[in-house]
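Student: Please look closely at any enclosed cavity in this structure, and then at the packing around it. I would like the cut-offs stated as you go.

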Amino acid sequence: MRKIGRAGLLDHANRRVASSLAGGEELSGLGKLAFASLWLLVFAMSWEDAITIANFGTSARLIGMLSGVLGLLAIIESGRVRRPAPGHILMALFVLLAAGSYLWSLYPEGTVTQTVTYIQLFMMVWLIWQLASRGREQTRLMQAYVLGTFVSGIDTVYLFIIHQESVYQRYAGARLDANDLGLLMALSIPFSYYLLIQSKGMIAWVYRLQLALAGTTVLLTASRGAALASVFALAIVPLTHARLTARQRIAILLTVSLLVCGALVFVPSTSWERLSTIPLEFSQGTFTGRTVIWTAAWELFRTHPFLGVGANAFRLTVSRILAEPIRADESGTPQAPAAHNTFLSVLVEQGVIGFALFCALLGFLALSLRRLPPFPQKLWVVFLGVWVVGVSSLTWEMRKPTWFFFGLLMAQCGSMARTQQTQSRAPAVSEVQLSLLRTS
């Protein structure tokens, strides 16, 4: 009995070391169910507008609520709450400032709506931190996002085949805005490539097809911002070329061939003509009227520099300066020009204080990359570059992909830091194991 007890203790010690080195604890049954709902939420992220529920919202909203409830129950069951990273604290302060801006907001109703959205997004980030503390779960969430892009990508190609434009001579599936869809696809490129390099067999072909579909979809949207972001995304290939085997290099050539074929077969001349205007827009254009909005936004910032006009108040307030009539959509929500620049949107809505918090968060994410191994580090460097390029012409501070990838990056850096700490403790555990073996 004594030997059996020691053997059991030794086995338990081995499992604890393996779990620590893996970067986290094994999920319980309820935890696995909560993670499955989180996976489904990420999967639906790139086509959330395709399915809407009357008087409720998108299907992703329903999945998000389910994930929140299951995640909360899983945390209560485990009795463990992970210590937040500095990035989580910065996010929480950003959300609190958005909520507090109700006191001085020029559009209080919109501020309430935006605050609720921010709270939901922060909850998603926290669930990633709690449920995806190990590399295996983090990889699965990457896969969920990449696989989800097949839905909107295939729908975009289908709309092109039946000649159904989302806007004039542009195509976008899943009821998404063409520019938003373009950036969704551009963000998937480095992650799909990362997963491709680490995969073999049929699943590798899935990622090759996704890369070809992503590139084709970006071209069909004819989004100039997304096209520039996609070019930046392709930087991951030369950055990681040295670590590729001969077989992997051949696979990359096959993937490029699929992309070229897709572009030649599906992309119309009108898309190429629109994308060819990028140099002209930089030299003497207005980026489809964006520079006019940016000028008005800067004037608005100068009158509310420190606290801003309030979360979600940009559209309403800037339209007054532009003297544009405010239109209402089917739900009665005011529709006016968006900022078309995430950084400017944050600056105007939450002032210098909110902008400083937002930039501090980005700075923390960039500095945390030092903890990662070379290949994941290059992946996230490219991602941050793609995101910065893409959101420079879009308003994405409240979009799910922004918060998802920020949360995933913090989770990956957190698990790496935890692994490094536990590796330093492993020799002490080994001493315990040796003493057990000597006395058995």
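Tutor: What follows starts with the cavity and moves outward through the packing. The model is predicted, so to speak of local features a pLDDT of at least 70 is needed and side-chain atom pairs count only at pLDDT 80 or more, while totals for chains, interfaces and linings use all residues. Residues are numbered from 1 along each chain as its sequence is written, and side-chain values use heavy atoms, with hydrogens and water left out.

A search of the whole structure finds one cavity of 30 Å³ or more, a cavity being a set of points on a 1 Å grid over the protein atoms alone where a 1.4 Å probe fits but cannot get out. Its volume is about 40 Å³, taken as the space filled by probe spheres set on the points, which are joined across faces, edges and corners. The lining consists of Phe 94, Phe 358, Leu 361, Glu 397, Thr 402, Trp 403 and Phe 406, where a lining residue has an atom within 4 Å of a point. Two or more of these residues come from each of α16 (342–368) and α18 (400–439), and α18 gives the largest share, with three residues. Helices here are DSSP runs of H or I with at least four residues, strands are runs of E with at least two, and both are numbered from the N terminus. By class, five lining residues are nonpolar, one is polar and one is charged; Ala, Val, Leu, Ile, Met, Phe, Trp, Tyr, Cys and Pro count as nonpolar, Asp, Glu, Lys and Arg as charged, and the others, Gly among them, as polar.

Several lining residues reappear in the contacts of Trp 387 and Met 124. Leaving aside neighbours within four places in sequence, Trp 387 is in contact with Leu 187, Thr 342, Phe 343, Phe 358, Leu 362, Trp 396, Thr 402 and Phe 406, contact meaning heavy atoms within 4.5 Å. Of these partners, Phe 358, Thr 402 and Phe 406 also line the cavity. Trp 387, together with Trp 380 and Phe 404, touches the most other members of the largest nonpolar core, a set of 96 residues. Such a core is made of buried Ala, Val, Leu, Ile, Met, Phe, Trp, Tyr and Cys residues joined through side-chain atoms within 4.5 Å, and buried means under 20% relative accessible area, exposed over 50%, and partly exposed in between (1.4 Å probe, protein chains only). Helix α7 (residues 178–197) supplies the largest share of this core, 14 residues. A second, separate core has 15 residues, including Tyr 107, Ala 296, Leu 316 and Val 348.

From another part of the chain, Met 124 in helix α5 (residues 108–131) touches Leu 38, Leu 41, Met 45, Lys 400, Trp 403 and Phe 404, again not counting residues up to four places away. Among those, Trp 403 is a lining residue of the cavity. Met 124 counts as buried because its relative accessibility is 5%, and its C-alpha atom is separated by 8.8 Å from that of Lys 400, although the two are 276 residues apart along the chain.

Helix α7 deserves its own look through Leu 181, which has its place there and is buried because its relative accessible area is 0%. Beyond four places in sequence, Leu 181 is in contact with Ser 152, Thr 156, Ala 172, Gly 173, Leu 176, Thr 217 and Thr 221. In the loop between α6 (135–161) and α7, Gln 169 has a phi near 60 degrees, a positive value in a residue other than glycine. Gln 169 is partly exposed, because its relative accessible area is 26%. Gln 169 is also among the contacts of Ser 271, alongside Leu 219, Leu 220 and Ala 222, with neighbours within four places set aside.

On the side of α16, the loop between β4 (334–335) and that helix holds His 340, another non-glycine residue with a positive phi, about 55 degrees. The buried residues of helix α15 (residues 314–322), namely Phe 314, Leu 316, Thr 317, Val 318 and Ser 319, pack against α14 (290–303) and α16.

For the chain overall, there are 18 helices and four strands, and 50% of the 440 residues count as buried.

Note on methods: 1 Å grid on protein atoms, 1.4 Å probe; cavity = no way out; pocket = protein on both sides within 12 Å on 5 of 7 lines; lining within 4 Å.
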